[in-house]
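Got your viewer open? Load the model, show it as a cartoon, and let's go on a little walk through it.

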Amino acid sequence: MSSRQIIAVAQAPAAIGPYSQAVRAGDTVYFSGQIPLDPATGNLVDGDIGAQTRRVFDNLVAVAQAAGGSLAQVVRVGIYVTDLANFAAVNAVMAEYFQQPYPARSTIEVSALPKGAQVEVDAVMVLG
């Protein structure tokens, strides 16, 4: 069994529960879900679904960099939204952060997210 390396970086929000921002096991990095929290204040960012989604992906970029990688190495993304009517807007923002070949993805509507967020994203990245 490979050892685990905990990834923690100040450029992404601190965990708000008993979890790590990400965990590296071998060449695979498992990201915890990121909601649109400003890392400096810990508060939900102001703005629409586009602004919230950008903050989420900016947080994921910071965690990926801390783990020694980038979003280009992400192989799977899980997106959770409180309203599937925002699907197109979330897609448009995701397209700003990823290029082909795109990672695998699921998008799921949920009844609520922590702190009243409209979107949460988790990911899996493979290094090397």
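Start by selecting Ala10. At 65% relative accessibility, Ala10 counts as exposed (that label needs over 50% relative accessible area; buried means under 20%, and partly exposed is in between, using a 1.4 Å probe and protein chains only). You'll find Ala10 in the loop between S1 and S2. Now pick Asp83 as well and draw a distance: the C-alpha atoms of Ala10 and Asp83 are 30 Å apart, with their places 73 residues apart along the chain.

A quick word on what you're looking at: this is a predicted model, where local features need pLDDT of at least 70, side-chain atom pairs count only at pLDDT 80 or more, and totals for chains, interfaces and linings use all residues. Residues are numbered from 1 along each chain as its sequence is written, and side-chain values use heavy atoms, with hydrogens and water left out.

**Zoom out**

Color by secondary structure. The protein has two helices and six strands (helices are DSSP runs of H or I with at least four residues, strands are runs of E with at least two, and both are numbered from the N terminus). Follow the chain from its start and you'll read β-β-β-α-β-α-β-β. The radius of gyration is 14 Å, close to the 14 Å that the globule rule gives for 128 residues, so the protein is as compact as a globular protein of that length. (The radius is taken over C-alpha atoms, and the rule is 2.2 Å times the number of residues to the power 0.38.) Turn the model around: along its principal axes, the C-alpha trace spans about 40 × 35 × 20 Å.

Buried residues make up 41% of the 128 residues. Among contacts between residues at least 6 apart in sequence, 69% join residues at least 24 apart (contact means heavy atoms within 4.5 Å).

**Into the core**

Next, select Phe31, Ile79, Val121 and Met125. In the largest nonpolar core, which has 28 residues, these four touch the most other members. (A nonpolar core is a set of buried Ala, Val, Leu, Ile, Met, Phe, Trp, Tyr and Cys residues joined through side-chain atoms within 4.5 Å.) The elements giving two or more residues to this core are strand S3 (28-34), helix H1 (49-66), strand S4 (74-81), helix H2 (87-97) and strand S6 (119-126). Which element gives the largest share of this core? That's H1, with seven residues. Apart from this core lies another one of five residues, including Leu37, Tyr80, Leu113 and Ala117.

Keep Met125 selected and hide the rest of the core. Met125 sits in strand S6, and at 0% relative accessibility it counts as buried. Leaving aside neighbours within four places in sequence, Met125 is in contact with residues including Asp27, Val29, Phe31, Ala64, Gln73 and Val75. Measure across to Val77 if you like: the two C-alpha atoms are separated by 9.1 Å, though Met125 and Val77 are 48 residues apart along the chain.

**Along strand S6**

Slide to Asp122, also a residue of strand S6. Is Asp122 buried or exposed? At 19% relative accessibility, Asp122 counts as buried. From Asp122 to Val77, 45 residues away along the chain, the C-alpha distance is 5.8 Å. Not counting residues up to four places away in sequence, Asp122 touches Phe31, Ser32, Gly33, Arg76, Val77, Gly78 and Tyr80.

**Some loop stops**

Select Gln21, in the loop between strand S1 (4-7) and strand S2 (22-25). With a relative accessible area of 7%, Gln21 is buried. Beyond the residues up to four places away in sequence, Gln21 touches several others, among them Ile7, Ala12, Tyr30, Phe31 and Val63. The C-alpha atoms of Gln21 and Ala67 are separated by 10 Å, with the two residues 46 apart along the chain.

Jump to Pro101, in the loop between H2 and strand S5 (104-109). Show the backbone here: a cis peptide bond joins Gln100 and Pro101, with omega at about 0°.

Last stop: Lys115, in the loop between S5 and S6. Lys115 has a positive phi of about 60° although it is not a glycine. At 52% relative accessibility, Lys115 counts as exposed, so switch on the surface and look for it there.
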